[in-house]
Amino acid sequence: MEKNNAKDVGENKENSYDFNAIEEKWQEKWEKKKVFEVEKDSKKEKFFNLEMYPYPSGSGLHMGHTFNYTIGDINARFKRMQGYNVLYPMGYDSLGLPAENAAIKAGEHPKSYTDKSIKSFISQQKKLGLSYDWSKLLASHYPEYYKWDQYFFLKFLEKGLAYKGKSPVNWCPKCETVLANEQVHDGRCWRHDETNVEIKQLEQWFLKTTEYADELLDNLDDLDWPEEIKAMQRNWIGKSEGTEINFEVEKSNNEGEKWPIFTTRPDTIYGVTFMVISAQHHKLMDLVTEDQREDVEKFLKKVRSVSEKEQSELEKEGVFTGSYAINPSNNEKIPIYAGNFVLANYGSGMVMAVPAHDQRDFEFAKKYDIPIKIVVQPNEYDINPEKMARAFTGEGKLVNSGEFNKISSQEARDMISDWMEEEGFGKKVFQYKLNDWLVSRQRYWGCPIPVVHCDKCGMVPVPEENLPVEIPTEVEFGKGNPLETNEDWIKTTCPKCEGKAKRETETMDTFFDSSWYYLRYCDNENDKLPFDKEKVNYWLPVDQYIGGVEHACMHLIYARFFTKALRDMSYLDFDEPFQCLFNQGMVLGPDGEKMSKSKGNVVSPDTVSEKYGVDTVRLFLVSQASPDKSIQWDDKSVKGCLKFIKKVFDYFSNVKIGKSSEKVEHFINKTIERVSEDIKNFDYNLAVIKIRKFFSCLEYEISKEDLESFIKLLSPFCPHIAEELWEKIGNKPFVSVSEWPGANKGKINDEIDKREGKKEKLIDDVKNILEIMGNKNQDANKIEIFAIPPEIEVYNEVKYKLETTFGLSTEIKSIKDADEKGKEVKAKPGKPGIIIE
């Protein structure tokens, strides 16, 4: 009911919802007033909110970007309103082969192409209303950024964490560059899933990530990350406990060499009947005898040009090298095979094979008619090598194992390991799947590695005062490494002897750039240091990191390694870069499939924002499901979100500011409490449901305080309309930096919930009855509700809604009236009788 002192907010105001004008207006105001810029403030608790910085594609933002950034922006706005000093920056992962290839395809230089792409990205991101601190902007192709890439590389070189060594490498013939193991997916390039990866032996630069293997593994327990990601990292690091046994290998030149062979089953050492070296091992050809060379080369050619389908068909294939190893336990001579199932970079790249007790070895032995020797007999029965259909991999008693016969296989593992250590040909060790990080690439658009090669002095680091070594502009694109086409750039002077030298033409893996960018945000204009230690220790670690699950075993491991290495070099004082991690879902096309141009199901953020408004798009993206789940684009739901926003806007054009009812006060305080918890837990979809439900309970007259609280709750999701409504009720800008509302629990009345629940249930019951009636409901013209006397008042409150919802006149009566008129209907507390005629 209208009060005398009530104020009409909408009086003499423009009431139409022009979302384009509203969005442009507030985006300009935010930028002009630098609303979201922050600096270190010891009086406020900091909060570093960050999305993984994107590759600035020339095609611009896609809907997945929009989803990702909306998730992050909601969290940043929420924390800012809660009083945190929020650092929320943006930058661009702008070096790398995708940009180089896209530029070449467009007939443009990578630098100008990338600059143009970044400019487009920034424009699109600003239009989304993202509350970034743009003063912290960085991009990895800026010389003032990659100067510090080079600086850290030199520091790693000094510390012995960077080194160069010959190694079998993954080579993508389409990229014409080396790929890290993490960039090879099912034998194919991670960028070109139709391109088979080949193996080449090249001198490469590595970082010793393996020095931090144990810490990378152990610290996972302390991180607030999805268990799926932590499991993926544990598996990638792959720590195994076992025994390293030294086998003497007879090479093709008849010289002996000790090879440390790792096994988790030392109890089966007496059952080794052959060895297998990786077909990709750089020492393989040293073991190949002249009479076997032709067979081995034929096999290698097949392995290195294999398709994914053929790979599965070629499992457990191999060829005899002509060389032998000596089993140190019994001095037996064992043939060495080259195989396509042994990893060159796991352990020594050679394994001992026990076909009686390993299924893979058993199949290989059967295929190549290699002897099978049983050394573990089951406790319940005996097995015969000639009759075995499969390997016996269980526990049992040792046989054919010298002094260890009759001992249980489990007990024998430690006993045999101890015996080997005493005899000097074995020891207990831990082995890891994790390899050192291959960081060099044969490409142009990457950070140059800051070393030169001098005939007199060898490899010489570039002095720090000469950094950055800039990427040259004049190069020719075509086959191979474009850097090698600029002779003027390659030719230089040795910093040590001042003689002639040549620059390193390898560039760094772009994961090097992204392994520390989050640190640079804290001090992005520092030209004396990569960052100020005090600033970094204030802002870091990142409190909330947001990005895709696909980075679990590349970026996230490398960034963790980088942080630990910099800590040990006294650049920072913390152990982990990202305390909390959130993985967003995907936005699927209207057909439920992944969006792609070839499928014709791509939905452009620019197009839908122009049509429905940015706030509408933001609201839709977080309304459909939990943000960690994939959602399907649905125009009908988008229109529903726009309809809701228009209703909100129209309500503020007519609402009277006065005093809130007890019911409204109850709902606003309960909504504040629950929405705050939902946003904190990234349950954005549940928060939106509660906000919409509260809005449906609003009345024609309401207090200004409660109106403000509603606007604040809406603000993180729909920031533009929130600012407009905040101004509309007479407040000064900006709601974005106003204080988040607190719930007054004293005004929460559970009896009101029970009352509202009864009304909602009645509406549902009427709806269900009409559905059961089917076509008969078309003849209906009246709804009669028969309630117990104490509840008549409750149901009278929903009478108008019943009439407007179902288009039928509605009467609320006492159950006593039904008895008097002889109508057969019953009523119980919370369940009135319903007659539809």
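This is a guided tour of one predicted protein model, stop by stop, for use with a viewer.

Residues are numbered from 1 along each chain as its sequence is written, and side-chain values use heavy atoms, with hydrogens and water left out. Because the model is predicted, local features need pLDDT of at least 70 and side-chain atom pairs count only at pLDDT 80 or more, while totals for chains, interfaces and linings use all residues.

**The whole chain**

Begin with the full view, in which the C-alpha atoms of the chain fill a box of roughly 110 × 75 × 50 Å, taken along the principal axes. The chain has 28 helices and 35 strands, where helices (H or I, at least four residues) and strands (E, at least two) are DSSP runs numbered from the N terminus. Of its 837 residues, 55% count as buried; buried means under 20% relative accessible area, exposed over 50%, and partly exposed in between, with a 1.4 Å probe and protein chains only. Among the contacts in the chain with a separation of 6 or more, 74% come from residues 24 or more positions apart, a contact being heavy atoms within 4.5 Å.

**The four-stranded sheet**

Next, select β2, residues 46–51, and β27, residues 544–547, which run parallel and are joined by 3 bridges. They belong to an open sheet of 4 strands with the order β3-β2-β27-β28 and parallel pairing, and two strands count as paired if DSSP finds at least two bridges between them. At the edges are β3 (85–87) and β28, each of which pairs on one side only, and from one strand to the next the twist averages 20°.

Look along β2 itself: 6 of its 6 residues are buried, so this strand is largely enclosed by the rest of the structure. K46, F48 and L50 point one way from β2, whereas F47, N49 and E51 point the other way. N49 stands opposite Q544 in β27; on the β3 side, where β2 pairs in the parallel sense over 3 bridges, the bridge partner of F47 is V86.

**Helices α2 and α19**

Now add α19, residues 614–623, to the view: 10 of its 10 residues are buried, so this helix, too, is largely enclosed by the rest of the structure. The buried residues of α19 include V614, F620 and S623.

Show α2 as well, and find where the two helices pack at an angle of about 90°, with their axes 10 Å apart; axes are lines fitted to C-alpha atoms, for helices over the stretch in contact, and angles run from 0 to 180 degrees between N-to-C directions. α2 and α19 are therefore roughly perpendicular to each other, given that angles of 65 to 115 degrees count as roughly perpendicular, under 35 as roughly parallel, over 145 as roughly antiparallel and the rest as oblique. From α2 the contact uses M63, T66, F67, T70, D73, I74 and R77, and from α19 it uses V617, R618, L621 and V622. These residues divide into 6 nonpolar, 2 polar and 3 charged, with Ala, Val, Leu, Ile, Met, Phe, Trp, Tyr, Cys and Pro counted as nonpolar, Asp, Glu, Lys and Arg as charged, and the others, Gly among them, as polar.

**A roughly parallel helix pair**

Move on to α20 (residues 635–654) and α24 (residues 719–728), whose axes come within 11 Å and cross at roughly 5°. That crossing makes α20 roughly parallel to α24. I645, V648, F649, F652 and S653 of α20 make the contact with I721, E724, L725 and K728 of α24, and the residues of this contact divide into 6 nonpolar, 1 polar and 2 charged.

**Salt bridges**

Finally, turn on the side chains, since the structure holds 59 salt bridges, each being a side-chain nitrogen of Lys or Arg within 4 Å of a carboxyl oxygen of Asp or Glu. K126 forms one with E31, the closest N and O atoms being 3.1 Å apart; this pair links K126 in helix α4 (residues 110–127) to E31 in helix α1 (residues 19–33), 95 residues apart. K126 is partly exposed, with a relative accessible area of 27%.

At R413 and D267 the salt bridge spans 3.2 Å from N to O. R413 lies in helix α12 (residues 409–423) and D267 in the loop between β12 (256–263) and β13 (274–278), so this pair ties together parts that are 146 residues apart in sequence. Both R413 and D267 are buried.

End at E576 and K564, whose side chains meet in a salt bridge of 2.8 Å, N to O. Both residues, E576 and K564, are buried, and they belong to a network of salt bridges that also links E215, R560, R567, D568 and D575.
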